[in-house]
Amino acid sequence: MLALHGKGVSNGIAIGRAYVLKRERLKIPEYVVPVPFVEDEVSRFLAAVESTRRELADIRSHIPPDAPVEAASFLDTHLLILNDTMVSEAPIKDIRANQWNAEFALKTQSDRLVAVFEAMEDPYLRNKKTDVAQVVERVLRNLLNPDEREDEPIPDDLNGRVVVANDLAPADAVALKNKGIAAFITNLGGPISHTAILSRSLGIPAIVAVHGATRFIDNDEELIVDGKRGILFVAPDRAVITEYEKRAHKIERLQRELEALRTSEAVSRDGVAVQLLANIELPEDMAGVHQALASGIGLYRTEFLFMNRKMPPDEEEQFAAYVKVILELPGRPVTIRTLDLGADKRADIDLPTASANPALGLRAVRLCLQEVALFKVQLRAILRASAFGSVRLMVPMLSNLDEIARVVELVREVQEELRRNGIDFDPDMPIGGMIEVPAAAVAADLFAAHLDFLSIGTNDLIQYTLAIDRVDDTVNYLYDPLHPSVLRLITMTIDAAVTQGIPVAMCGEMAGDARYTRLLLGLGLREFSMHPSAILEIKKIVRESSVADLKRGAVQVMAARDFRSLQTLVDRMNGDGDSTAAD
């Protein structure tokens with residue numbers, strides 16, 4: 001028996017025979033196309049794009065009606081990328097101008113786009129390069145001859161099989177789900193990739209970043225996939241199989257229990273109410289919010305309106321996008337984060353030149369306060385939208401009080417402009433800040449005195465505190481939400497908000513990770529904002545917990561003097577009876 005380790009991205013247990021998907025690296029030819037045949041080459045490229053469009057549309061059409069909304073939305077994202085001029089038209093210019101063959105022209109343009117995303121500091125945005133690469137690869141496979149592709153056809157019936165691949169696109173995951181797979185394993189990938197998110201939504205146990213999986217696993221070998229712990233057993237013995245069969249039954253029972261909680265309130269055993277909010281990117285994400293019956297929106301990422309375009313969206317386009325979300329959640333809060341764009345995420349919009357270190361450079365609120373005209377357009381759109389519901393304005397990457405004062409000043413200026421023009425807005429719209437820079441967490445009491453609410457952005461807070469990049473395979477083992485310094489900063493922020501009497505939420509990935517829910521409740525957190533697919537699991541933990549007991553456990557955790565003791569205490573808080581652990 002061999003045990004391989006990776007990153008578990010979708011809870012669940014699967015036991016089945018391996019199907020190793022052989023997809024060798026594409027061999028991209030490079031040659032000069034004679035002038036008389038250049039237009040034929042353009043036609044060949046356009047035909048490959050159209051074939052790819054039909055393939056994606058066909059996969060989308062076979063999504064079951066009861067499938068999670070993410071299944072369709074990720075395919076729609078790939079269709080949008082395919083239709084983007086940067087993919088569908090830019091290579092044509094290179095074919096005509098340089099007489100390049102279609103494959104080389106597309107690969108060159110893809111490398112340019114991937115480089116833009118690779119320069120982005122935000123891990124979520126940087127991950128967009130994967131979507132581009134996956135769409136481009138699908139077009140390339142339609143351009144290349146079969147002998148250049150070195151693919152093997154995928155059988156229609158993979159019922160109960162565990163697919164082992166180098167990497168998978170969202171479209172692949174949907175197609176394989178339709179073929180009846182039990183789970184999948186990939187050499188590459190990460191927990192925030194679209195394929196990982198989709199696997200969770202589709203209920204497919206999955207492990208990514210199992211380096212060398214396609215080399216160590218043979219077709220038809222028996223596998224056990226532990227999607228929660230990220231452990232893969234190859235050729236397991238009977239005792240291990242029996243144990244995991246029991247765990248699989250327990251997880252199935254848990255899923256039935258979660259569905260039964262959909263309409264229940266998130267209230268602890270001792271009567272503490274908790275707000276479970278959703279993170280979204282676009283209005284189209286609202287289907288998942290409704291499906292999870294979220295308490296509202298804790299993070300609306302507006303920068304996605306600004307990506308992949310030469311000009312920023314005008315006031316009316318932004319206003320329409322915000323109002324569409326607000327009207328779907330009457331009476332529930334919608335927290336709109338102001339533009340978290342920077343020189344490292346500028347796409348084609350004319351913004352200041354990238355700094356030497358984009359992570360610490362001109363981005364988020366810093367950029368907005370320099371590009372005031374751009375910022376005021378967004379503020380006008382958000383303020384106008386505030387007349388239609390319960391809107392909260394949230395400012396990212398605050399690091400000093402002067403930034404807050406300047407933002408408030410601009411808000412007041414825009415309010416006065418709207419008032420003079422007779423345009424409705426909510427004059428009492430709350431203004432809050434994201435605590436994601438360690439300096440802001442250390443001075444959270446000072447920030448809380450000038451804001452209406454706080455929201456802890458753990459993704460950046462952890463990275464900045466520990467000086468690591470969590471998507472860098474060479475150092476991401478250091479990414480630890482339970483590092484004492486991180487927990488102290490979180491505690492300081494929560495305590496500062498409670499003392500000031502203002503709400504405090506958490507909108508980073510830590511908020512949707514069941515391993516930390518009890519600790520965060522014990523530390524005093526009462527608002528969690530997460531991907532909609534995580535809400536039911538977190539709700540179950542809240543309902544089964546006694547916050548009074550968790551407070552005592554949290555005190556012990558914060559008093560721990562070494563990492564091992566701290567982890568042991570957190571495990572004890574989760575308890576041997578933790579229904580989410582499948583133990």
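**Cavities, pockets and helix packing**

I begin with the second largest cavity, whose lining comprises five nonpolar residues, no polar residue and one charged residue. The model before you is a predicted one, and everything I say this morning concerns that model.

Let me stay with this cavity. A search over the whole structure returns two cavities of 30 Å³ or more. The second largest of them has a volume of about 40 Å³. Which residues line the second largest cavity? They are Pro484, Arg488, Val557, Met558, Ala560 and Leu566. In terms of secondary structure, helix H21, residues 484-500, and helix H24, residues 547-559, each contribute at least two residues to that lining. Arg488 is the charged residue in the list.

I turn next to the pockets. For the second largest pocket, the computed volume is about 260 Å³. How many residues line the second largest pocket? There are 16, and Ser264, Glu265, Ala266, Leu293 and Ser295 are those nearest its centre. Strand S9, spanning 275-280, supplies at least two lining residues, as does helix H23, spanning 535-544. By class, the lining divides into eight nonpolar, four polar and four charged residues.

The remainder of my presentation concerns three helix pairs.

The first pair I shall discuss is H9 and H10. Helix H9 covers residues 170-178 and helix H10 covers residues 194-202; their axes lie 8 Å apart, and the packing angle is about 30 degrees. Because angles under 35 degrees count as roughly parallel, H9 is roughly parallel to H10. Their crossing is right-handed. On the H9 side, the contact involves Pro170, Ala173, Val174 and Lys177, and on the H10 side it involves His194, Thr195, Leu198 and Leu202. Five of these contact residues are nonpolar, two are polar and one is charged.

The next pair is H4 and H5. Helix H4, residues 90-98, packs against helix H5, residues 102-118, at an angle of about 130 degrees, again with the axes 8 Å apart. H4 is therefore oblique to H5. The handedness of this crossing is right-handed. Which residues make the contact between H4 and H5? From H4 come Ala90, Pro91, Asp94 and Ile95, while H5 provides Ala102, Ala105, Leu106, Gln109 and Arg112. The class composition of this contact is six nonpolar, one polar and two charged residues.

The last pair is H1 and H7. Helix H1 runs over residues 38-61 and helix H7 over residues 128-143; their axes come within 8 Å and cross at roughly 120 degrees. The two helices are therefore oblique to each other. H1 passes H7 in a right-handed crossing. H1 brings Arg44, Phe45, Ala48, Val49, Ser51, Thr52, Glu55, Leu56 and Ile59 to the contact, and H7 brings Arg138, Val139, Asn142 and Leu143. Sorted by class, the contact holds seven nonpolar, three polar and three charged residues.

To close, I return to the three helix pairs. H9 and H10 are roughly parallel, H4 is oblique to H5, and H1 and H7 are oblique to each other. Right-handed crossings are found for H9 with H10, for H4 with H5 and for H1 with H7. As for empty space, the second largest cavity has a volume of about 40 Å³, and the second largest pocket one of about 260 Å³.

Key
Residues numbered from 1 in each chain as written. Predicted model: local features only at pLDDT ≥ 70, side-chain atom pairs only at ≥ 80, totals over all residues. Heavy atoms only, no water. 1 Å grid on protein atoms, 1.4 Å probe; cavity = no way out; pocket = protein on both sides within 12 Å on 5 of 7 lines; lining within 4 Å. Points joined across faces, edges and corners; volume = space filled by probe spheres on them. Helix = DSSP H or I, 4+ residues; strand = E, 2+ residues; numbered from the N terminus. Axes fitted to C-alpha atoms, helices over the stretch in contact; angles between N-to-C directions. Parallel < 35°, antiparallel > 145°, perpendicular 65-115°, else oblique. Left-handed = near helix turned anticlockwise from the far one by under 90°. Contact = heavy atoms within 4.5 Å.
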